[in-house]
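Work through the exercises below with the sequence and the coordinates open beside the text. Each task is followed by a solution in steps.

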Amino acid sequence: MSRIMLVVLACLASSAAPGQVAARDCDGAIISESAVRFASRDAYSRLLLQSYKRGRLFEPQQIEKGFRRHFEELKLQLENRGYAVLPDDEIKTYSPCDPAPDS
C-alpha cells in the first residue's frame, strides 16, 4: 500500500465527522464523498507543499485540475479496495446487513 494511500486512510479514519464514515455494508465500508474529498485535499496539499519546497511552481488552473484528478483517482482506489463512496445525501446510518431500524 502506498504511503499516500496510508495517509489518506488515516485521515478518513481520524477526521471524518459522525455520519461521514457511516456504516459497513455487506461488502465493505461506506464512505461519504465529502470525507474522501477532505482526505484528498489534505493529501494533495501535502504533495503541493513538497513540490513548492523543491522550487516547483504551478498555475492556478493546474492546481485546480490536480485537486479534481487526485480526488477522482483516490475515489477509484478506495472503490477498488472494497469501499463504497456515496454522495452525502445517500449515506445511511445503519448497515444494510442489519434489519432496518424501524422494523
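Contact here means heavy atoms within 4.5 Å. The model is predicted, so that local features need pLDDT of at least 70 and side-chain atom pairs count only at pLDDT 80 or more, while totals for chains, interfaces and linings use all residues. Residues are numbered from 1 along each chain as its sequence is written, and side-chain values use heavy atoms, with hydrogens and water left out.

**Exercise 1.** Find the residues in contact with Val85, leaving aside its neighbours within four places in sequence.

*Solution.* Applying the cut-off gives Ile31, Ser32, Glu33, Val36, Lys75, Leu78 and Glu79.

**Exercise 2.** Identify the residues of the largest nonpolar core, a set of buried Ala, Val, Leu, Ile, Met, Phe, Trp, Tyr and Cys residues joined through side-chain atoms within 4.5 Å, where buried means under 20% relative accessible area with a 1.4 Å probe, protein chains only.

*Solution.* The search returns seven residues, namely Ile31, Ala35, Val36, Phe71, Leu74, Leu78 and Val85. Next, assign them to elements, taking helices as DSSP runs of H or I with at least four residues and strands as runs of E with at least two, numbered from the N terminus: α2 (33–53) and α3 (60–80) each give two or more residues to this core, and α3 gives the most, with three.

**Exercise 3.** Describe the setting of Ser32, in strand β2 (residues 29–32).

*Solution.* Ser32 counts as buried because its relative accessibility is 1%. Then examine its polar atoms: one in its side chain lies 3.1 Å from the backbone nitrogen of Ala35, and a polar contact (a pair of N or O atoms within 3.5 Å; within protein, one must be able to donate a hydrogen and the other to accept it, and residues adjacent in sequence count only if both atoms are side-chain atoms) of 3.4 Å joins the side chains of Ser32 and Asp88.

Methods
Buried means under 20% relative accessible area, exposed over 50%, partly exposed in between (1.4 Å probe, protein chains only).
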